[in-house]
Amino acid sequence: MAHDEERVKKFNTYAPPIPHLVLPPDLVESKQVLVIGDVHGCYDELVELLEVAGVSNNPNAIVIFVGDLVNKGPKSKEVLDLVCDIGAYSVRGNHDHRCVIKLIKLREDPTFKLEEKYKWISEIDDSYIKFFKQLPYTISIPSLNAVIVHGGLVPGVPLNKQRPLDMMTMRNVVTSKDETTGNMILYNGVVQDSKGQSWASFWTGPEHVYYGHDAARGLVMSSHATGLDTKCVYGHCLTGIFLTGKKQIIQVKAKRVYFDYRSDEFLD
C-alpha cells in the first residue's frame, strides 16, 4: 500500500498547465491527423515513418504522439528536437514524466547519479524541462471523437477525475461485483499485466481512445480503443494511424533491437 501511495504521489508532481488539451474543430478541419505510438528514442524509424506517411514538412498534417518519446533507444534528444521542429503534439508518458523529475534533481544536485537510460539528459538544457512539463495527460479531438492518452483511462471515470498515475502507467483494470446490486464495479487501474484485464476491453466510448505503453499486447484494435505501442525499441516496428480519411495504419520496421525485452524494465 505504501508503495502504491508513493507512486501516486510521484505521478502527481509537475502537473501540466493544461492537463487535458482540446484541439478545436477549426484547427483540425481539412487536415490529416496522424497518431504515432511509443518512439522511445528511435529517431531513425520516426524519420522514416513520417516520410512514408507523407507528413514530413506537410503544413496540412497534424502529428500527435502517445507519449514515451524518450529513453531506452539511442537518440532521445534528436527525437525531441524533431517533434518540436515539425510542431507536433504529444501527451505525457511515464518516461517523459520521469525525465522531468530526473532533470530537476540534476539541476538541484549536479552530483546526482543518473541510471544508464537517463544519462542522455545530462547533455540537454532547461528548455527541455519546459517542453516535458507542458505535455498534457490527454489530447482530445472532439470533431474526430478521439482522445489520446499514454497509459489508459478508467472506464466510467470522467476525464477530469482520472488519476495521472493511471493515465501514464495503467494497462489493466481490476473488476469486482457489488454484492448488493450484482453490478460490476471498475476499480483503479493497475500496471501489472498479472492483475486484472486490459482497460481497453472495458472501454465503451463514446470517444475512441488511442494509447501506447502496452508493448506486451502490441497493436490492439478494439471497438473503441486502439493501442499503438508495437515494440519499436525492442526490434519490432513503429506504428502510426491516420484518424482521418481511410484511417490507414503506417508501420516501419525497427533498424535493430535497441533494448532487451527480457529485461526487468520491459514493462516499465
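These legends accompany four close-up views of a predicted model.

**View 1. An open sheet built from five strands.**
Start here to get your bearings. Reading across the sheet, the strand order is β4-β3-β2-β13-β14, and the pairing is mixed. At the edges sit β4 (89-90) and β14 (249-253), each of which pairs on one side only. To find the β4 edge, look for strand β3 (residues 61-65): β3 and β4 run parallel and are joined by two bridges. Phe-65 has Ser-90 of β4 as its bridge partner.

**View 2. Helix α3 packed on the sheet.**
Stay with the sheet and bring in α3 (residues 43-53), which touches β2 (32-36), β3, β13 (237-242) and β14. The direction of α3 makes about 140° with that of β14. Which residues of α3 are buried? They are Glu-45, Leu-46, Leu-49, Leu-50 and Ala-53. These residues share one side of α3, because they cover an arc of only 135° around the axis. A handy reminder for reading this view: an α-helix has 3.6 residues a turn, so residues three or four places apart point the same way. Among the elements that cover the buried residues of α3 are β2, β3, β13 and β14, along with α4 (76-85). Now turn your attention to the other side of α3, where Glu-51 and Val-52 are exposed. Just after the helix comes Gly-54, with a positive phi near 75°.

**View 3. The buried residues of helix α6.**
Here the focus moves to α6 (residues 126-133), in which Tyr-128, Ile-129, Phe-131 and Phe-132 are buried. Why do these buried residues line one face of the helix? Seen down the axis of α6, they fall within an arc of 160°, so they line one face. Their packing partners are α4 and α5 (94-108). You have already met α4 in the previous view, as part of what covers the buried residues of α3.

**View 4. Thr-226 and its surroundings.**
For the last stop, zoom in on strand β12 (residues 225-227), where Thr-226 lies. Is Thr-226 buried or exposed? Its relative accessibility is 2%, and buried means under 20%, so Thr-226 counts as buried. The side chain of Thr-226 makes a polar contact with the side chain of His-208, at 2.7 Å. Leaving aside residues up to four places away in sequence, Thr-226 touches His-208, Val-209, Tyr-210, Tyr-211, Val-220 and Met-221. His-208 therefore appears twice in this view, as a residue that Thr-226 touches and as its side-chain polar partner under the 3.5 Å cut-off for N or O atoms.

Technical notes. Residues numbered from 1 in each chain as written. Predicted model: local features only at pLDDT ≥ 70, side-chain atom pairs only at ≥ 80, totals over all residues. Heavy atoms only, no water. Pairing = 2+ DSSP bridges. Helix = DSSP H or I, 4+ residues; strand = E, 2+ residues; numbered from the N terminus. Contact = heavy atoms within 4.5 Å. Axes fitted to C-alpha atoms, helices over the stretch in contact; angles between N-to-C directions. Buried < 20%, exposed > 50% of the residue type's maximum accessible area, 1.4 Å probe, protein only. Arc of directions from axis to C-beta. Polar contact = N/O pair within 3.5 Å; in protein donor to acceptor, adjacent residues only side chain to side chain.
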